[in-house]
Amino acid sequence: MTRSHHNPRGLHMTTARTLSETDTRSLIHPHTTIGRPAEPLIFERGEGALLWDVDGNEYIDGTCGLWQCPVGHGRRELADVAADQIAKLEFYSSFGDYSNTPSILLAERLLQLAPTGIERVFFTNGGSEGTESAIKLARLAHYNSGAPERTIILARTAGYHGMGGGSLAATGIDKLREGYGPLLPGVEFLGKPHGLTHGENATDILIAELEERIAQIGPQRIAAFIGEPVLGVGGMVPPPEGYWARVQEVLRKHGILLIADEIVTAFGRTGHWFACERFGIEPDLIVTAKGLSSGYVPMGAVLVSRRVLELADGALFLHGFTYNGHPVGAAVALANIEILEREGLLERAKGVGQRLLEALKPLEELDHVLEVRGVGMMLGIELDRDSSSVQAGARADGVVVRASGPSIVLSPPLVITEQQIDTLAQVLISHVKAAA
């Protein structure tokens, strides 16, 4: 890919160096070594699936940052909606019996889009808060219904659910939990739902493990099972055939609630409003964020089913966050949903995602490539080694992707053009081959 060095804002190199030095000195970046920061890549602006750094270099965004921008960067419409709402009412608490119009309208819209059985919405500021809220709701519902011993949460190896005390406890990636001491107790991990690990009989093996673990723990002690319909950070791993239908069957038999973590997968990423629709899941709780507002304003939600409402009926829910139901976030989310619908981006995710998958699939012929996989605009390339060199090489050639252990994970904006998809694929192919 030819890199553009045009400087759209007239910034000088001295400005870029000053920003880098200041940033390195004053910020602790997430997922970096404290006291030993690398020189940051500083983005200045974005448009669609493109980004430009402060030196004017152009990049194709292959990750949506952290999967949060399905409608693409630089949407003036969303900026205007935010400005209008700020001028009208920037914020007021939603605790107790206070509310605001945008959050009410957004809740109603989400209920129209949600899977069957969802009847209420609890707003958060993001995914980690959503996971915390869903776990607490599941436990409270059982407590209120006369089963206070139901506190255990089943989660999955390689699952990622956030970085809070409860959400990190439910995250099945050991490295992320190191050094933080005791987290939320009562989380039990199951195997990674991956055909590479378990072979053709993956679903049978995983369901047998689930049933055995429930029997060992005692079903009367288990509150909920939490899982991503498609593993995200864990490598963009689709479930084995029939996995979710059988998981649901087992859980319902034992009165265990199902929490679907759709923080990444909702709002078009898999070609549906919710991946639950794609896989026939009827969850008791759905956690979502990211694509809800395309990241223009921090916004998340927990969608609550009739079953949970019945179990929790009459319970005092002493839980919340300062910015619950933020009117600016809700207004932007409503406009974001309208863009997704108006521009047909859910269907586009299927078509453009398939184009990218087909372009990358021949990489499986290489000895060091174990699998190329994808659902909609969630794709992963799994190597037999660490993939960080591929990430670095692609970035040097103007394509931003994410290395997640042995996997390169991809989740471009749904507005990415076919030409940009083809360029992204060409750059990735060259660097995957070079990693041999």
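Start at the second largest pocket of this predicted model: select R120, V121, F122, F123 and F317, the lining residues that lie nearest its centre. The full lining runs to 27 residues, and the pocket has a volume of about 760 Å³. Now colour by element: α4 (101-113), β4 (118-124), α5 (127-144) and α12 (306-312) are the ones that give two or more residues to this lining. Which of them gives the most? That's β4, with five residues. Colour by class instead and the lining of this pocket splits into 15 nonpolar, nine polar and three charged residues.

Zoom out for a moment. The protein has 16 helices and 15 strands, and its C-alpha atoms fill a box of roughly 65 × 60 × 45 Å along the principal axes. The radius of gyration is 22 Å, which agrees with the value near 22 Å for a compact globule of 436 residues. Buried residues account for 53% of those 436.

Next stop, the largest cavity, with a volume of about 50 Å³. It is one of two cavities of 30 Å³ or more in the structure. To see its walls, select R156, L190, G191, L206, I207, E209, L210, F225, Y243 and V247. Both α9 (202-217) and α10 supply at least two residues here, and α9 has the largest share, with four. By class you'll find seven nonpolar, one polar and two charged residues around the largest cavity.

Keep F225 and Y243 on screen and add W244: ring pairs link these three into a cluster. How are the rings of Y243 and W244 arranged? Their centres are 5.1 Å apart and their planes stand at 75°, so this pair is edge-to-face. Y243 and W244 are both buried.

Follow α10 (243-253) along and you reach the second largest cavity, with a volume of about 40 Å³. Select Q248, L251, R252, I256, L258, E282, D284 and R307 to show the lining. Here α10 gives the most, with three residues. The class split for this second cavity is three nonpolar, one polar and four charged.

Back to the rings: the model has seven aromatic pairs. For another one, pick Y92 and Y98, whose ring centres lie 5.4 Å apart with the planes at 70°, so they too pair edge-to-face. Are these two tyrosines buried or partly exposed? Y92 is partly exposed at 48% relative accessibility, and Y98 is partly exposed at 47%.

While you're looking at rings, jump to W52. The charged end of R45 sits over that ring, 3.9 Å from its centre.

Finish with two backbone oddities. Select A158, in the loop between β5 (152-156) and α6 (165-169). A158 isn't a glycine, yet its phi is positive, at about 80°. With a relative accessible area of 10%, A158 is buried.

The other is M236, in the loop between β7 (222-227) and α10. What is the sign of phi at M236? Positive, with a value near 55°, and again this is a residue other than glycine. M236 counts as buried, at 0% relative accessibility.

Notes:
Residues numbered from 1 in each chain as written. Predicted model: local features only at pLDDT ≥ 70, side-chain atom pairs only at ≥ 80, totals over all residues. Heavy atoms only, no water. Phe/Tyr/Trp six-rings, centres within 6.5 Å; stacked < 30°, edge-to-face > 60°. Buried < 20%, exposed > 50% of the residue type's maximum accessible area, 1.4 Å probe, protein only. Lys NZ or Arg CZ within 6 Å of the ring centre and 35° of its normal. 1 Å grid on protein atoms, 1.4 Å probe; cavity = no way out; pocket = protein on both sides within 12 Å on 5 of 7 lines; lining within 4 Å. Points joined across faces, edges and corners; volume = space filled by probe spheres on them. Nonpolar A, V, L, I, M, F, W, Y, C, P; charged D, E, K, R; others polar. Rg over C-alpha atoms; globule rule 2.2 N^0.38 Å.
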